[in-house]
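Thanks, everyone, for making time this morning. I would like to walk slowly through one structure with you, so please have the sequence and the coordinates open as I talk.

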Amino acid sequence: MDTETMAEETRPKRPIRWHVGVFLAPAVLVYTAIMILPLFGTLQLSLFRNIEQHQVFVGLGNFGTLFGDPNWSVNFWNALRNNVWFFIIHMLVQNPIGILLAALLSSPRLRFAAFYRTAIFVPTILSFVIVGFAWKLILSPIWGVAPHLMDFVGLKSFFTAWLGKEQYALTALSLVSVWQFVGIPMMLIYAALLSIPDEVIEAAECDGVTGMAQFWKIKLPLILPSIGIISILTFVGNFNAFDLIYTAQGALAGPNYSTDILGTFLYRAFFGFQLQVGDPNMGAAIATIMFLIILGGVCVYLFLVQTRLRRYQF
Amino acid sequence: MKTKLLTALLLGTSIIGTTGIALAEDVTLNIESWRGDDLTIWKDKLIPAFEAKNPGIKVVFAPSAPTEYDAALGAKLAAGSAGDLITCRPFDKSLELFKKGNLADISSLPGMDNFSPVAKAAWQTDDGKSSFCVPMASVIHGFIYNKDAFDKLGLKVPTTNEEFYAVLDKIKADGTYIPMAMGTKDLWEAATMGYQNIGPNYWKGEEGRQALIKGEQKLTDPQWVAPFKELAKWKPYLGDGFEAQTYPDSQNLFTLGRAAIYPAGSWEIGLFNTQAQFKMGAFPPPVQKAGDTCYISDHTDIGMGLNAASKHPEEAKKFLSWVASPDFATIYANALPGFFSLNSTPVKMADPLAQEFVSWRGKCKSTIRSTYQILSRGTPNLENETWVESANVINGTDTPEAAAKKLQTGLDSWYKPAK
């Protein structure tokens, strides 16, 4: 009772808390300068077009071209389709494997857990250029180790020039990307699994829930929020992807644009390629669409998925 | 005391300044370039040769990195600090500089008549009336072959298409060598070393190229589809997994002696001479029937122009005239085998492979790559599409007709030839 009255008395006298603003300022300023301003700059750029060396306002004209002109729309839908496939592979392969690895790692009977954890995580910190180049060499039909290794186990006949065939190239590259980034879901899930209190596990064991059943019925529901976070990270990462395709297949994302994703499509439009002159306005239009796709995806997750996830407090 | 010292100092500097001017009657010309690799050739061979003949003019070769060149040059030109002489990229990039008034019109420069119209085309306005750069070098397409392999298998250099495929069949039947080292992974190999290499024989070089620009011919015409049909026949002669074979892979396959024939550009000569342990020869793209006129792609690559804002235009013109002379051509072509002078006077070269390439100019008609002038200004870009479609045709994912149709449809969507 005493404290409450004291609080009421002091409230009107409380000074404006300048320090909050001062402490926030550096982050806000830096973030505004390098993230928010460029974002609005891009949005603005996408509404203009260069006509006779002058920037002319064309409203949504660039988007009209992007979706209406078959020279652009065919490439755009192709890139979007490829990007969706890229994302599906990650969701179906990377995240389940990440969860599996985390579950194995968190098993108390596993020896050398620290070694495995590091080894699996190391590719994540490698540069895209190294990963792209290394895998190009590994899968090379001429010098690569892949054909030889497959020969050892008698599977040579299944080897083909994966990166050079339209029907395989995108899947092959998606799997390379999965190989590189599987460490991230593994680490996040691993952390989530470790944070499950021992009492819960012990209680489950007392009730006779052990082994696989314990994973499915106790641990999985408890790590669902982490899986949600991983899904959204994968989504954002995949729809912003560019580097791996560019280093492995070049800006034209061959063969026959079969590995073209939104990032490489944007790059060609914005910066141009070889004899093609860059068109920053169309590039900005594509970047805007990418932004909207990612924004839409994140919103769907935040409002439809995350609010329904049940959280458990211990 | 202080003022005296200051006066003395000022006097001193002014005297030093004036003597400096008095001594520097020499005019210094700066060359802007992206060819950092050529720095020693310019410093040790080309510039001394020029300075010996033209006392009073000093030349400085100041290259920047290839990827930064265009941007850096643009900034320097805008600021007025660019060099007197500017190395020119072919076609649109230089044309743009000329239109902005950065490059001077040098159509009447003494020495420009040393060049054929094809050689000058890369640095002319679309109507061909004004020239703005002196052509320096071109690259020629053809096939480089492993002479040792040919001798071992008893093969003769093919001149016609029929002989070409007969040779390839024999190499394939023997099995020691991959008949042809080319991959489709990097796309441009298929277009540049494939389509643009053999194509001129079908579309009759300049005749077809000009007609395409004028809109009299279409890419779907038989003479433009024919090279695609030939490319489609190459597939069985390429190495295992050629779909994932990159450009360096192809180079290595050939220089390691694992492949017999390499569809080439002459720029490879320098590298191949140092890497290959066997004798090499070259032959021009085979003609359809014995006795047909042969055509080669003699693609203009580097030129040099005059900065319109140069303070020493007369001296710079003198230098450009020298660049247009046979003297320059001889030194340049010998220092960089594979980059051929565009001068009409034949240049004697010491490198036998380079000499073989350049000898085709005597018997064949020269042209440049069909997609470079005017036709690659729009979206979709004809050059880039040609890369993709050439690779598709060799991979067998598109028929020659379908590929040609795609290219023409793309071109039609933005290019309206002046009628």
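Let me begin at a single residue, A:Gly272, which follows helix α13 of chain A and has a positive phi, near 80°. Before going further I should say that this is a predicted model, in which local features need pLDDT of at least 70 and side-chain atom pairs count only at pLDDT 80 or more, while totals for chains, interfaces and linings use all residues. Residues are numbered from 1 along each chain as its sequence is written, and chains are lettered from A and ligands numbered from 1 in the order in which they are written. When I say helix or strand, I mean a DSSP run, H or I of at least four residues for helices and E of at least two for strands, numbered from the N terminus.

Staying with α13(A), residues 262–271, this helix is mostly covered, with seven of its ten residues buried; buried here means that 20 or more other C-beta atoms, placed from the backbone, lie within 10 Å of the residue's own. Those buried residues are A:Leu262, A:Gly263, A:Thr264, A:Phe265, A:Leu266, A:Arg268 and A:Ala269. Among the elements of chain A that they pack against are α4 (70–105), α11 (211–239) and α14 (280–305).

Now to chain B, and to strand β4(B), residues 133–146. Why can we call this strand largely enclosed by the rest of the structure? Because 14 of the 14 residues of β4(B) are buried. As for its partners, and counting two strands as paired if DSSP finds at least two bridges between them, β4(B) pairs in the antiparallel sense with β8(B), residues 295–306, over seven bridges, and there B:Pro135 has B:Gly303 as its bridge partner. With β6(B), residues 259–265, the pairing is again antiparallel, over five bridges, and B:Tyr145 is matched with B:Ile261. Strand β7(B), residues 280–283, pairs antiparallel with β4(B) over four bridges, where B:Phe143 is bridged to B:Phe283. Finally, two bridges join β4(B) to β9(B), residues 340–341, in an antiparallel arrangement, with B:Ala137 partnered by B:Ser341.

Turning to helix packing, the axes of α8(B), residues 188–198, and α17(B), residues 382–395, come within 7 Å and cross at roughly 85°, the axes being lines fitted to C-alpha atoms over the stretch in contact, with angles from 0 to 180 degrees between N-to-C directions. The two helices are therefore roughly perpendicular, a label that covers angles of 65 to 115 degrees. Among the residues that meet, and contact means C-beta atoms, placed from the backbone, within 7 Å, are B:Trp188 and B:Tyr195 from α8(B) and B:Trp387 and B:Ile394 from α17(B). The residues of this contact divide into seven nonpolar, three polar and no charged, where Ala, Val, Leu, Ile, Met, Phe, Trp, Tyr, Cys and Pro count as nonpolar, Asp, Glu, Lys and Arg as charged, and the others, Gly among them, as polar.

Helix α17(B) also brings us to the interface between the chains, a contact that takes 27 residues from chain B and 21 residues from chain A. On the side of chain B that touches chain A, α17(B) gives the most, with seven residues, and that side as a whole divides into eight nonpolar, 13 polar and six charged residues.

Methods:
Angles under 35 degrees count as roughly parallel, over 145 as roughly antiparallel, 65 to 115 as roughly perpendicular and the rest as oblique. Two residues are in contact if their C-beta atoms, placed from the backbone, lie within 7 Å. A residue is buried if 20 or more other C-beta atoms lie within 10 Å of its own, exposed if 12 or fewer, and partly exposed in between; C-beta atoms are placed from the backbone.
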